[in-house]
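Good morning, and thank you for the time on the agenda. I should like to take the group through one structure, which I will now put on the screen.

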Amino acid sequence: MPQHDARAIIDTAHALADEAGRAILPLFRSPLTAENKLAGGFDPVTAADRASEQAMRAILAQRRPDDAILGEEFGSQPGTSGLTWVLDPIDGTRAFICGAPTWGVLIGLRDDSGPIYGIIDQPHTGERFEGGLGLARLSGPRGESPLAVRGTTDLALATLMTTFPEVGAPAEGAAFRRVAAQARLTRYGMDCYAYALLALGHVDLVIEAGLQAYDVVAPIAVIRAAGGIVTDWQGDDPSHGGQIIAAATPELHRAALTLLNDSA
């Protein structure tokens, strides 16, 4: 990709994150009604989710009209450039409606090769995790610092995170627990913030299931830029969602994959 295109893309992505934050923050920790999108379960959406995605789409319509868009709330929009912006306006809406600051805005960009750039943005804390197109950095209240995964290779010393205790279907939950039984520490409920912490070097593994492309494209780009590994549970392309494993090192990735697939 030409360098001038990369600069334009990065500037656009930051504009998206800025506008999403401006749309969301007035509604965070306010009396807000959550609608349920899932019959027989609970998959909430709020006015903040919709306002965030609408704000980002308006910027893309102005700055990048030839790019395609895939967003959680408003679906797909075709493009002709070969680039697709993959947007999750609030990843972690359940945390958002509880007032917990572990949600984030996910802004990913992919081409035919897969994810090439991503931002995990937490407007409330002012933290922006960015990776791809030659960048791997955190910017926030303490300034700017590089992103780099840590070097843990022993599963017995690893910190593991996931969002939901059940992980996915019963068999997926059982597979996750095989890994958790050998990890030093397991924590739950962090949504996209877990992936940001892995890229920052504070978490060693994130294992999840039942995800969509808009949940993973941005985190994949950020973690890979920080030196980590992201695949599905078979070691293949994770960029369309489903079962995801993100690891700080190849050794942890191999150990976790073996346990995930060892039904015996």
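In which strand is Ile-90 found? Ile-90 belongs to strand 5, which covers residues 84-91. Please bear in mind throughout that this is a predicted model.

Is Ile-90 buried or exposed? The relative accessible area of Ile-90 is 1%, and because buried means under 20%, Ile-90 counts as buried. Beyond its neighbours within four places in sequence, Ile-90 is in contact with Ile-24, Ala-48, Asp-49, Glu-72, Phe-96, Trp-103 and Gly-104. By way of contrast, Pro-78 is 12 residues from Ile-90 along the chain, and their C-alpha atoms are separated by 22 Å.

Two of the contacts just named, Phe-96 and Trp-103, bring me to the aromatic residues. Ring pairs join Phe-96, Trp-103 and Phe-28 into a cluster. Across the whole structure, the search finds five aromatic pairs. In one of them, Phe-28 and Trp-103, the ring centres are 5.2 Å apart and the planes meet at 65 degrees; the pair is therefore edge-to-face, since the class requires an angle over 60 degrees. This pair links distant parts of the chain, 75 residues apart: Phe-28 is in the loop between helix 1 and strand 1, and Trp-103 is in the loop between helix 3 and strand 6. Both residues are buried, Phe-28 at 7% relative accessibility and Trp-103 at 0%.

A further edge-to-face pair is formed by Phe-129 and Tyr-193, with 6.1 Å from centre to centre and 90 degrees between the planes. Phe-129 is part of strand 8 and Tyr-193 of helix 5, so this pair ties together parts of the chain that are 64 residues apart in sequence. Phe-129 and Tyr-193 are likewise both buried.

Let me turn to the sheet. How many strands form the open sheet, and in what order? There are eight, in the order 4-3-5-6-7-8-9-10, with mixed pairing. Strand 4 (75-77) and strand 10 (143-146) are the edge strands, each pairing on one side only. From one strand to the next, the twist averages 15 degrees. At the strand 10 edge, strand 9 and strand 10 run antiparallel and are joined by four bridges. Arg-137, for example, has Pro-146 of strand 10 as its bridge partner.

Finally, helix 6 (residues 213-225) lies across strands 3, 5, 6, 7, 8 and 9, and runs at about 95 degrees to strand 7. Strand 5, where we began with Ile-90, is thus among the strands that helix 6 lies across. Thank you for your attention.

Technical notes
Residues numbered from 1 in each chain as written. Predicted model: local features only at pLDDT ≥ 70, side-chain atom pairs only at ≥ 80, totals over all residues. Heavy atoms only, no water. Helix = DSSP H or I, 4+ residues; strand = E, 2+ residues; numbered from the N terminus. Buried < 20%, exposed > 50% of the residue type's maximum accessible area, 1.4 Å probe, protein only. Contact = heavy atoms within 4.5 Å. Phe/Tyr/Trp six-rings, centres within 6.5 Å; stacked < 30°, edge-to-face > 60°. Pairing = 2+ DSSP bridges. Axes fitted to C-alpha atoms, helices over the stretch in contact; angles between N-to-C directions.
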